[in-house]
Amino acid sequence: MKTVLAFIVGLIFGIGLLISGMANPAKVLNFLDLFGSWNPSLIFVMIGAISVSSIGFFWAQKKGETLWHTPLYLPQRRDIDRPLIIGSVVFGIGWGLAGFCPGPALVAVGMGVEKAWAFVAAMLLGMAWFERKNS
Amino acid sequence: MNVTTETLSALSGGMLIGLAASLLILLLGRVAGISGIVSFLWQRKKGDIAWRVAFISGMLAAPMVYAWFTVPPKVEVQASWPVVLLAGVLVGWGTRYGAGCTSGHGVCGLARLSLRSLVAVAAFMGAGFITVALIRHGVGL
């Protein structure tokens, strides 16, 4: 049941990415192109997303558990450290290079986009490299 | 596509993303941070895999389901193959070291009013802006 729900939620997430236009790296790069063909769409994607997700998170955190009383797995860290900043900067550079972040890349893989497959493979390698150095 | 339809699509698509994140936390108790969900492949924790595989499968199936109803959008990857590979490694490593990505820190972290996520979002947005500025208007790559 939980697995079926996860599949459906992933489907909704992916469809949201497709409708929003963020599954298209060209569009993402235009958002990031402040001094050129700036397209502010991503702001509206974030506004739409956060306006709805804040309802879900507020409700869940208020309950302290899921709707059927199972635990919440929420990140507990509150500190701002160098890895947070360095990691985010490195991620941002990668994002600015190809216009892909993890979610849209997966959706593009689902569309059979070859470069998306390459990106995801490289992403998995990058993640594996992190795990090796940090566990 | 004119500005209004584009803005509406961005907003409605975003709201669906937010809905998915809300459902994931309310029903499965999990944060919809794609980098975190995917990175499990390299972690050795057992018994935590099924929902992740299902979620990722749903994302992979989305274009197919979308195509039942309407023409899927164009996906245009302008970066060259070497750049795509480099980008992938940077995103893979960076999202782990930085503990999140646009969905984890952006959609979920900001919704939770996390200062940590706000800093992360500022960092990756800034890096993204500067990278594109350098590529498109500075160094020719």
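B:Glu76 is a good place to start: this residue is partly exposed, with a relative accessible area of 33%. Here, buried means under 20% relative accessible area, exposed means over 50%, and partly exposed covers what lies in between, all taken with a 1.4 Å probe and protein chains only. Before going on, note that this is a predicted model, in which local features need pLDDT of at least 70 and side-chain atom pairs count only at pLDDT 80 or more, while totals for chains, interfaces and linings use all residues. Residues are numbered from 1 along each chain as its sequence is written, chains are lettered from A and ligands numbered from 1 in the order in which they are written, and side-chain values use heavy atoms, with hydrogens and water left out.

**Salt bridges**

What does B:Glu76 pair with? B:Glu76 forms a salt bridge with B:Lys74, and B:Lys74 counts as exposed at 61% relative accessibility. A salt bridge is a side-chain nitrogen of Lys or Arg within 4 Å of a carboxyl oxygen of Asp or Glu. Side chains of opposite charge can pair when their charged atoms come close. Over all chains, the structure holds 10 salt bridges. The table shows three of them, including the pair you have just met.

| Salt bridge | Distance between closest N and O atoms |
|---|---|
| A:Arg77 with A:Asp81 | 2.8 Å |
| A:Asp79 with B:Arg116 | 3.9 Å |
| B:Lys74 with B:Glu76 | 3.6 Å |

Which chains does the pair of A:Asp79 and B:Arg116 join? A:Asp79 lies in the loop between α3 (41-63) and α4 (82-98) of chain A, and B:Arg116 sits in helix α6 (residues 115-137) of chain B, so this pair joins two chains. The helix names follow a rule: helices (H or I, at least four residues) and strands (E, at least two) are DSSP runs, numbered from the N terminus. The two partners have different surroundings: A:Asp79 is partly exposed at 36% relative accessibility, whereas B:Arg116 is buried at 8%.

A:Arg77, A:Asp79, A:Asp81 and B:Arg116 are linked in a network of salt bridges. Within that network, A:Arg77 is partly exposed, with a relative accessible area of 44%, and A:Asp81 is also partly exposed, at 22%.

**Where the chains meet**

Now look at the interface of the two chains. On it, 102 residues of chain A are in contact with 102 residues of chain B, where contact means heavy atoms within 4.5 Å. The area buried between chain A and chain B is about 9,500 Å², and carbon and sulfur atoms give 78% of it. Buried area is the accessible area (1.4 Å probe) that two parts lose on being put together, summed over both.

Which elements of chain A give two or more residues to the side that touches chain B? They are α1 (2-20), α2 (25-32), α3, α4, α5 (102-110) and α6 (114-134) of chain A. The residues on this side of chain A divide into 67 nonpolar, 25 polar and 10 charged. In that count, Ala, Val, Leu, Ile, Met, Phe, Trp, Tyr, Cys and Pro are nonpolar, Asp, Glu, Lys and Arg are charged, and the others, Gly among them, are polar. The rule finds five salt bridges across the interface of chain A and chain B.

**A closer look at α3 of chain A**

Helix α3 of chain A has 23 residues and reaches 34 Å from its first C-alpha to its last, close to the 33 Å expected. The expected span of a helix is 1.5 Å times one less than its number of residues. Among the buried residues of this helix are A:Leu42, A:Val45, A:Met46, A:Ala49 and A:Val52. An α-helix has 3.6 residues a turn, so residues three or four places apart point the same way. What do the buried residues of α3(A) pack against? They pack against α1, α2 and α4 of chain A together with α1 (3-28), α5 (102-109) and α6 of chain B. Just after α3(A), A:Gly64 takes a positive phi of about 75 degrees.

**Two backbone angles to find**

Most residues other than glycine have a negative phi, and most peptide bonds are trans. A:His69, which is not a glycine, has a positive phi near 65 degrees. A:His69 is found in the loop between α3 and α4 of chain A and is exposed at 57% relative accessibility. B:Leu113 also has a positive phi, about 60 degrees, although it is not a glycine. Its place is the loop between α5 and α6 of chain B, and B:Leu113 counts as exposed at 76% relative accessibility.

**Chain B as a whole**

Chain B has six helices and zero strands. Its C-alpha atoms fill a box of roughly 45 × 40 × 30 Å, taken along the principal axes. Of the 141 residues in chain B, buried ones make up 56%.
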